[in-house]
Amino acid sequence: MGEIQTTEYEGIEIRARGHEALFTRKPATVAATQEAMDAGTILGQVTESGLFVAYDDDAIDGSEVAAGILLEDVDAVSAGAAVVSSMYVKGAFVESKLTGLDDAAKADLGARSVPGHVLTPTLAGRLRTDPDQDRRPVIPVPCLR
């Protein structure tokens, strides 16, 4: 029988483009109860524990507020403990490679979709477009909590 192919993305693959310096990361400790998540999963932070889980707009524990974008695959349940990882909190990302992104998450992240352009936050806080970049829809995340 042939090998089963799945779609998983590395942290660099969820990014639209740009040098590493254009992407801000923060540590994110994933709760031990969190099932496997792929890079690109939108994260929410549980208020009581301060730990991160997959964003859920219907939750009432704090994880209903999007806090960042998971940088790497994580499976805390298999690890049997909370897992220290990282999340992106600034940059431009390929929207189709993000898991759990909805309009509420975009609002929480201060982000917006821009089909046909890649937007990169500049130090001045303004956005510049690069129309020659490939035409994948992207989500720029200008600044997060």
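This report describes the fold, confidence, cores and selected side-chain contacts of a predicted protein model.

**Overall architecture and confidence**

The secondary structure of the protein comprises 3 helices and 8 strands. Along the sequence these elements follow the order α-β-β-β-β-α-β-α-β-β-β. Of the 145 residues in the protein, 41% are buried. The exposed surface amounts to about 8000 Å², of which carbon and sulfur atoms supply 51%. When contacts between residues at least 6 apart in sequence are considered, 65% of them join residues at least 24 apart.

Confidence varies along the chain. The mean pLDDT of the protein is 76, and 67% of its residues reach 70 or more. Among the elements, strand β3 (residues 52–54) has the highest mean pLDDT, at 97, whereas strand β6 (residues 119–121) has the lowest, at 35. Two stretches with pLDDT below 50 are set out in the table.

| Stretch | pLDDT | Contacts beyond near neighbours in sequence |
|---|---|---|
| Residues 4–9 | below 50 | 8 contacts |
| Residues 116–136 | below 50 | 39 contacts |

Where pLDDT is low, the predicted coordinates should not be read in detail. This caution concerns the 39 contacts of residues 116–136, where the pLDDT is below 50.

**Nonpolar cores**

The largest nonpolar core holds 14 residues, and those touching the most other members are Ile42, Ile69, Tyr88, Phe93 and Leu98. Strands β4 (66–70) and β5 and helix α3 each give two or more residues to this core. Another core, of 11 residues, lies apart from it and includes Val30, Met37, Leu70 and Val74. In soluble globular proteins, nonpolar side chains tend to be buried together.

**Aromatic contacts**

The structure holds 3 aromatic pairs. One of them joins Phe23 and Phe93 in an edge-to-face arrangement, with 5.5 Å from centre to centre and 70 degrees between the planes. Phe23 lies in the loop between α1 (11–14) and β1 (24–30), while Phe93 belongs to strand β5 (residues 83–94), so the pair ties together parts that are 70 residues apart in sequence. Phe23 counts as buried because its relative accessibility is 5%, and Phe93 is likewise buried, with a relative accessible area of 0%. Together with Tyr88, these two residues, Phe23 and Phe93, form one aromatic cluster. Tyr88 and Phe93 also appear among the residues of the largest nonpolar core that touch the most other members.

**Salt bridge**

The model contains 1 salt bridge. Glu95 and Lys106 form this contact, their closest N and O atoms being 2.9 Å apart. Glu95 is in the loop between β5 and α3 (103–109) and Lys106 is in helix α3, the two residues being 11 apart in sequence. Both partners, Glu95 and Lys106, are buried.

**Surroundings of Ala32**

Ala32 is located in the loop between β1 and β2 (42–45). With a relative accessible area of 33%, Ala32 is partly exposed. Residues up to four places away in sequence being left aside, Ala32 touches Ala76, Val77, Ala81 and Ala82. For Ala32 and Val77, the sequence separation is 45 residues, while the C-alpha to C-alpha distance is 5.6 Å.

Conventions:
Residues numbered from 1 in each chain as written. Predicted model: local features only at pLDDT ≥ 70, side-chain atom pairs only at ≥ 80, totals over all residues. Heavy atoms only, no water. Phe/Tyr/Trp six-rings, centres within 6.5 Å; stacked < 30°, edge-to-face > 60°. Helix = DSSP H or I, 4+ residues; strand = E, 2+ residues; numbered from the N terminus. Buried < 20%, exposed > 50% of the residue type's maximum accessible area, 1.4 Å probe, protein only. Salt bridge = Lys/Arg side-chain N within 4 Å of Asp/Glu carboxyl O. Contact = heavy atoms within 4.5 Å. Areas by Shrake-Rupley, 256 points an atom, 1.4 Å probe, with all protein chains shown as cover. Core = buried A, V, L, I, M, F, W, Y, C linked by side-chain atoms within 4.5 Å. pLDDT = per-residue confidence, 0-100.
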